[in-house]
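Let's take a walk through this fold together. Have the picture open while you read, and we'll go one piece at a time.

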Amino acid sequence: MPDVILFDLFGVIARHQSPSARHTLAAIAEAPDDAFWEVYWRLRAPYDLGQVTGAEYWRRVATALGTAFGEDRVAALVAADVAGWSAVDDDMVALIERTAAAGVRLGLLSNIPEELAAHYERHHGRWLRHFDLVAFSCRIGRAKPDAEAYRWCCHQLGLTPDRVLFIDDRAENVHAAERLGLHTHLFTGAAAAAQAIGADGVRHDHTGRLSSWHVSG
């Protein structure tokens with residue numbers, strides 16, 4: 001039975017950007033949606049790794065789009081980007097709180113830039129405090145699905161990979177963790193996650209075997 005549950009943040013505890021949030025960002029940039037989102041994601045990795053600031057990231061986005069953003073536009077984009085990733089799933093927050101109350105150790109591994117990390121620390125400390133390990137990519141210099149991100153977490157937790165259950169909504173991240181020997185659960189919703197970690201009284205591992213790990217609901 002794993003000793004720690006290691007959660008992803010976005011798409012698991014926090015929600016992905018809504019259509020309106022995505023529209024707002026592209027509108028502020030005054031760029032066509034397809035071109036904007038291609039550049040947004042293509043240039044995102046150094047930002048998530050803490051190698052560039054938010055201002056530098058958005059200047060790079062502007063250059064790739066063949067334009068330039070002034071300081072006010074950059075500030076508006078940073079603010080809208082943070083707002084777009086700031087909504088959380090209340091059911092998952094409740095599950096985290098129940099799991100922590102049951103004495104289960106928790107960890108968090110997220111690909112996240114500094115501005116968003118600081119936002120979550122300011123506004124979501126109530127449930128972030130339940131995590132023994134908070135591994136923000138911008139702080140640790142490693143991001144999923146790089147194997148070093150998972151190894152770093154296991155090292156900090158003082159555990160071998162087979163003692164960790166990793167929950168993420170992206171298949172490539174789950175597969176990378178599996179290759180290192182972590183137990184995994186591909187997130188599809190709070191109910192299935194609750195079952196995977198034992199809120200039904202039984203934990204189902206990635207092979208379908210059962211083990212006792214009870215989290216009262």
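Valine 4 has its bridge partner in strand 4, and that partner is valine 164. Bear in mind as you look that this is a predicted model. A little further along, leucine 6 is bridged to phenylalanine 166, again in strand 4. Both pairs belong to the link between strand 1, residues 4-7, and strand 4: these two run parallel and are joined by four bridges. If you're wondering what holds strands side by side in general, they pair through backbone hydrogen bonds, in either a parallel or an antiparallel way.

Strand 4 has another neighbour, too. Strand 5 (residues 183-186) pairs with strand 4 over four bridges, in the parallel sense. Here you can look for isoleucine 167, whose bridge partner in strand 5 is histidine 185. To get from strand 4 to strand 5, the chain passes through helix 11 (residues 171-180), and this β-α-β crossover is right-handed.

Now zoom out to the whole sheet. In what order do the strands of this open sheet lie? There are five of them, arranged 3-2-1-4-5, with parallel pairing. Strand 3 (133-136) and strand 5 are the edge strands, since each pairs on one side only. Ignoring direction, neighbouring strands in this sheet are turned against each other by 20 degrees on average.

Back to strand 4, residues 164-168, for a closer look. Is it mostly covered or mostly open? It's mostly covered, with five of its five residues buried. Side chains in a regular strand alternate between the two faces of the sheet. In strand 4, Val164, Phe166 and Asp168 point one way, while Leu165 and Ile167 point the other way, and all are buried.

Finally, let's leave the sheet and turn to a pair of helices. When two helices pack, the angle between their axes and the distance between those axes describe the arrangement. Helix 1 (residues 19-29) packs with helix 5 (residues 71-84) at an angle of about 170 degrees, and their axes are 9 Å apart. Angles over 145 degrees count as roughly antiparallel, so helix 1 is roughly antiparallel to helix 5. Helix 1 brings Ala21, Thr24, Leu25, Ile28 and Ala29 to the contact, and helix 5 brings Arg73, Ala76, Leu77, Ala80, Asp81 and Gly84. Sorted by class, this contact has seven nonpolar, two polar and two charged residues.

Methods. Residues are numbered from 1 along each chain as its sequence is written. This is a predicted model: local features need pLDDT of at least 70, side-chain atom pairs count only at pLDDT 80 or more; totals for chains, interfaces and linings use all residues. Side-chain values use heavy atoms; hydrogens and water are left out. Axes are lines fitted to C-alpha atoms, for helices over the stretch in contact, and angles run from 0 to 180 degrees between N-to-C directions. Angles under 35 degrees count as roughly parallel, over 145 as roughly antiparallel, 65 to 115 as roughly perpendicular and the rest as oblique. Contact means heavy atoms within 4.5 Å. Ala, Val, Leu, Ile, Met, Phe, Trp, Tyr, Cys and Pro count as nonpolar, Asp, Glu, Lys and Arg as charged, and the others, Gly among them, as polar. Buried means under 20% relative accessible area, exposed over 50%, partly exposed in between (1.4 Å probe, protein chains only). Two strands pair if DSSP finds at least two bridges between them. A crossover is right-handed if, with the strands pointing away from the viewer, the path from the first strand over the helix to the second runs clockwise.
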